Amino acid sequence: MPLLLEEVRNEQDFDQILPVLYAAFGEPYNALRQWFIPVHTSVEAAIEASKARMVKNWKAHDNLHWIKVTDSESGKIVGAAEWEIRQKVDTPGEAQKPINASWHTEGSEEKEFAGKLITSLKGFMKDRMTRPHLELEQLVVHPDHRRRGAGRMLTNWGIQKADELGLESCIEAVPFAIPMYEKYGYGHIDDLEPDVAIPNPSAKWQEFAAEDLRVAMMWRPAGHENRAGVDKAPWLDA
């Protein structure tokens, strides 16, 4: 059953991509899922709401490229990735503006926590990637179709595009994904434990913060794999 790599051109593809994304974030469990795809009533409703946001964002930004991997026999999408090409970095050096997690219930602790968490994640990358680059926003493969090469295909799309444009690329990876990206030539350059501290947090807030929310900064220089001890990350460049 060969796999086919293509760029997403039709919004109907998201009907298949979002269930794959939700399933992939659940196995193994990714603590970030509830902050990006909150379930208010049902999983189906959460997937539909997330799909609407993603399609709107994709249509609004020409530099966002969704890539899909399809099983050629079944015709089903089994994996997808979102690559952002930033050939111009706006306002380098400026602090990340607070994120309004409007997809959470207004006035809830969940909304406040999600905003603080995602602002910290976005700021982590913004502070470091001040030169033109590609960023892998997310990559998912359905649990039933792993170890078939879909992850490599989706990563290679961005690597090849970065090399074609002469740009470096980066990934904000959860801990269990670090070895995969190292295998593809990315260096594990930095780590973030998001800043979600507030004065006098409630028991619920402390429960949120106790989850494993760490991410790793993976970086690949333009044109070749990262060479440990040789290549210098952009934010360390003198």
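**Exercise 1. Place Asn200 in this predicted model and describe its backbone and exposure.**

Step 1. Asn200 sits in the loop that links strand S6 (187-192) to helix H7 (203-209).
Step 2. Check the backbone. Phi of Asn200 is near 50°, a positive value in a residue that is not glycine. Most residues other than glycine have a negative phi.
Step 3. Check the surface. The relative accessibility of Asn200 is 76%. The cut-off for exposed is over 50%. Asn200 therefore counts as exposed.

**Exercise 2. Carry out the analysis for Arg147.**

Step 1. Find the element. Arg147 belongs to the loop between strand S4 (133-141) and helix H5 (150-165).
Step 2. Read phi. Arg147 has a positive value of about 65°, although it is not a glycine.
Step 3. Read the exposure. With a relative accessible area of 87%, Arg147 is exposed.

**Exercise 3. Which residues does the cis peptide bond join, and where is the proline?**

Step 1. The bond joins Glu27 and Pro28, with omega at about -5°.
Step 2. Pro28 lies in the loop between helix H1 (14-26) and helix H2 (33-36).
Step 3. Set this against the general pattern: most peptide bonds are trans.

**Exercise 4. Is Ser50 buried or exposed, and what does it touch?**

Step 1. Ser50 is part of helix H3 (residues 43-60).
Step 2. Its relative accessibility is 1%. Buried means under 20%, so Ser50 counts as buried.
Step 3. Leave aside neighbours within four places in sequence. Ser50 is then in contact with Leu18, Phe36 and Ile37.

**Exercise 5. Describe the nonpolar cores.**

Step 1. Start with the largest core, which has 48 residues. Trp83, Phe113, Leu117, Tyr181, Tyr186 and Met218 touch the most other members.
Step 2. Find the main contributor. Helix H4 (residues 109-128) gives the most to this core, with six residues.
Step 3. Look for another core. One of 19 residues lies apart from the largest core; among its members are Val20, Met54, Ala80 and Val140.

**Exercise 6. Characterise the overall fold.**

Step 1. Count the elements: seven helices and seven strands.
Step 2. Read their order along the sequence: β-α-α-α-β-β-α-β-α-β-α-β-α-β.
Step 3. Test compactness. The radius of gyration is 18 Å, close to the 18 Å that the globule rule gives for 238 residues, so the protein is as compact as a globular protein of that length.
Step 4. Add burial and contacts. Buried residues make up 46% of the 238 residues. Of the contacts with a separation of 6 or more, 76% are between residues 24 or more positions apart.
Step 5. Finish with charge. There are 28 positive and 38 negative side chains, and the centres of the two sets lie 2 Å apart.

Notes. Residues numbered from 1 in each chain as written. Predicted model: local features only at pLDDT ≥ 70, side-chain atom pairs only at ≥ 80, totals over all residues. Heavy atoms only, no water. Helix = DSSP H or I, 4+ residues; strand = E, 2+ residues; numbered from the N terminus. Rg over C-alpha atoms; globule rule 2.2 N^0.38 Å. Buried < 20%, exposed > 50% of the residue type's maximum accessible area, 1.4 Å probe, protein only. Contact = heavy atoms within 4.5 Å. Lys, Arg positive; Asp, Glu negative; His and termini not counted. Charge placed at Lys NZ, Arg CZ, Asp CG, Glu CD. Core = buried A, V, L, I, M, F, W, Y, C linked by side-chain atoms within 4.5 Å.
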